[in-house]
Amino acid sequence: MARVYNFSAGPAVLPEEVLQEAADEMMDYRGCGLSVMEMSHRSKTFDDIINTAKQDLKDLMNIPDDYEILFVQGGASQQFAAVPMNLMRNRVADYIVTGQWAKKAYQEGQIYGDAYKIASSEDKTFSYIPDCSDLPIHDNADYVYICENNTIYGTKFWKLPNTKGKILVSDMSSCFLSQPVDVTNYGLIIAGAQKNIGPAGVVVVIIRKDLIRDDVLPCTPTMLKYKTHADNNSLYNTPPAYGIYICGKVFKWLKDMGGLTVMQERNEKKAKLLYDYLDKSKMFRGTVVKEDRSIMNVPFVTDSDELNKKFIAEAAQNGLVQLSGHRTVGGMRASIYNAMPYAGVEKLVKFMSDFEKENA
Ligand SMILES: *Cc1c(COP(=O)(O)O)cnc(C)c1O
């Protein structure tokens with residue numbers, strides 16, 4: 001078995017234990033004589049899979065009873081429309097634009113109502129998180145929207161914005177389950193699976209129950225109404241069943257690892273190793289302000305495009321793959337999600353340090 005260290009931002013590395021278990025259950029899921037891929041989503045067996053996944057997520061995140069967990073499709077991008085369609089009762093929403101994903105959500109919001117950009121870090125290529133302690137939140141805003149971890153630029157909200165009592169909607173796709181969060185701070189949480197929890201095709205939505213309502217914007221498709229999915233335990237239509245099954249396995253794995261406090265410690269330790277090296281390197285440097293650094297996505301550069309290319313190519317030859325930065329920003333990016341072992345980051349840092357010596 002020749003597994004590489006996969007630093008992709010998504011679809012991303014999954015825990016080997018989870019992949020192995022899925023392989024073991026591929027031909028015959030626990031005596032059913034078939035694979036979860038071939039199974040009716042109306043079966044008792046699948047019901048157990050989805051309910052166990054929900055309960056494990058609830059336990060992991062301490063999700064209170066007045067929140068619902070939904071598994072939906074369409075990627076996190078579909079949620080950029082679903083959020084305004086379901087929540088824009090006054091047709092006003094405030095967006096904090098800290099990267100491409102927040103910008104896309106903001107642009108989508110404009111289709112449905114008055115979406116306001118109340119803060120942005122675009123002036124410095126999204127390399128920081130703006131001060132959000134006293135923003136011009138609209139009195140009639142239906143929600144304030146953030147992308148909590150900016151996958152492309154490698155920044156993270158370490159302090160949530162002061163929403164002045166308005167509902168906070170957070171796209172947590174790339175930091176979901178990387179550390180404990182207080183769910184009660186949010187009205188709605190979005191997490192596309194392929195970053196930190198499972199295969200592409202599933203999106204987890206955690207929504208406060210009073211926000212699941214019938215009076216959505218006119219013309220909202222049935223499939224985009226949160227109520228449709230909430231009323232049917234995410235089984236209104238055929239769900240992304242295999243993806244939910246794998247997410248469930250990752251939730252179990254996280255519980256076995258000791259939960260989110262332990263994951264945070266592990267993630268901080270990995271990130272520190274890489275950032276400490278970047279801070280002392282004479283060749284490589286991080287691209288975002290220190291206080292706002294993500295512990296999931298770590299972008300870095302050298303001063304030469306040629307050297308960046310050489311580094312990415314040689315790293316790949318050494319089993320360190322998918323280290324290119326996002327196509328819109330270039331340079332390098334190491335995504336070090338939950339499933340990336342410490343040894344992977346150690347190997348990366350060792351390789352960077354050798355590369356620096358050889359190319360100095
Ligand atoms: C990847 C990503 C998205 C887009 O996810 P899709 O599933 O491709 O639609 C949205 N937000 C964040 C923070 C992401 O990292």
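**Exercise 1. Strand S2 and its partner**

Task: Six bridges join S2 to strand S10 (residues 203-208); state in which sense the two strands run, and decide whether the residues of S2 are buried or exposed.

Solution.
- Step 1. The two strands, S2 and S10, run antiparallel. The model is a predicted one.
- Step 2. For one pair in detail, take Phe71: its bridge partner in S10 is Val204.
- Step 3. Strand S2 spans residues 67-72, and six of its six residues are buried.
- Step 4. Sort these residues by face. Tyr67, Ile69 and Phe71 lie on one side, while Glu68, Leu70 and Val72 lie on the other. Both faces of S2 are therefore covered, since the residues on each side are all buried.

**Exercise 2. A three-strand sheet**

Task: Give the strand order of the open sheet of three strands, and find which strands are its edges.

Solution.
- Step 1. The order is S11-S12-S14, and the pairing is antiparallel.
- Step 2. An edge strand here pairs on one side only, which holds for strand S11 (285-286) and strand S14 (332-335).
- Step 3. S11 pairs with strand S12 (residues 297-301) over two bridges in the antiparallel sense. In one of the bridges, Arg285 is matched with Val301 of S12.
- Step 4. As background, strands of a sheet pair through backbone hydrogen bonds, either parallel or antiparallel.

**Exercise 3. Thr155 and Trp101**

Task: Classify Thr155 and Trp101 as buried, partly exposed or exposed, then list what each of them touches.

Solution.
- Step 1. Thr155 sits in strand S7 (residues 155-156). Its relative accessible area is 0%, so Thr155 is buried, the cut-off being under 20%.
- Step 2. Beyond its neighbours within four places in sequence, Thr155 is in contact with residues including Thr98, Phe126, Tyr128, Glu148, Asn150, Val288 and Asp292.
- Step 3. Trp101 belongs to helix H4 (residues 100-112). At 23% relative accessibility, Trp101 is partly exposed, because that class lies between 20% and 50%.
- Step 4. Not counting residues up to four places away in sequence, Trp101 touches Ser77, Phe80, Cys147, Thr151, Ile152 and Asp171.
- Step 5. Trp101 and Tyr153 are 52 residues apart in sequence, with their C-alpha atoms 10 Å apart in space.

**Exercise 4. Backbone geometry in loops**

Task: Locate the cis peptide bond between Gly10 and Pro11, and place Phe126 and Asn233, two non-glycine residues with positive phi.

Solution.
- Step 1. The bond joining Gly10 and Pro11 is cis, with omega about -10 degrees. Pro11 lies in the loop between strand S1 (5-6) and helix H1 (16-24).
- Step 2. Phe126 has a phi of about 55 degrees and lies in the loop between strand S4 (114-120) and strand S5 (144-147). With 2% relative accessibility, Phe126 is buried.
- Step 3. Asn233 has a phi near 50 degrees and lies in the loop between helix H6 (226-231) and helix H7 (241-257). Its relative accessible area is 22%, so Asn233 counts as partly exposed.

**Exercise 5. The whole chain**

Task: Judge whether the protein chain is as compact as a globular protein of its length.

Solution.
- Step 1. The protein chain has ten helices and 14 strands.
- Step 2. Its radius of gyration is 21 Å, close to the 21 Å given by the globule rule for 360 residues, so the chain is as compact as a globular protein of that length.
- Step 3. Of the 360 residues, 56% count as buried.
- Step 4. Among contacts between residues at least 6 apart in sequence, 68% join residues at least 24 apart.

Notes
Residues are numbered from 1 along each chain as its sequence is written. This is a predicted model: local features need pLDDT of at least 70, side-chain atom pairs count only at pLDDT 80 or more; totals for chains, interfaces and linings use all residues. Side-chain values use heavy atoms; hydrogens and water are left out. Helices (H or I, at least four residues) and strands (E, at least two) are DSSP runs, numbered from the N terminus. The radius of gyration is taken over C-alpha atoms; the globule rule is 2.2 Å times the number of residues to the power 0.38. Buried means under 20% relative accessible area, exposed over 50%, partly exposed in between (1.4 Å probe, protein chains only). Contact means heavy atoms within 4.5 Å. Two strands pair if DSSP finds at least two bridges between them.
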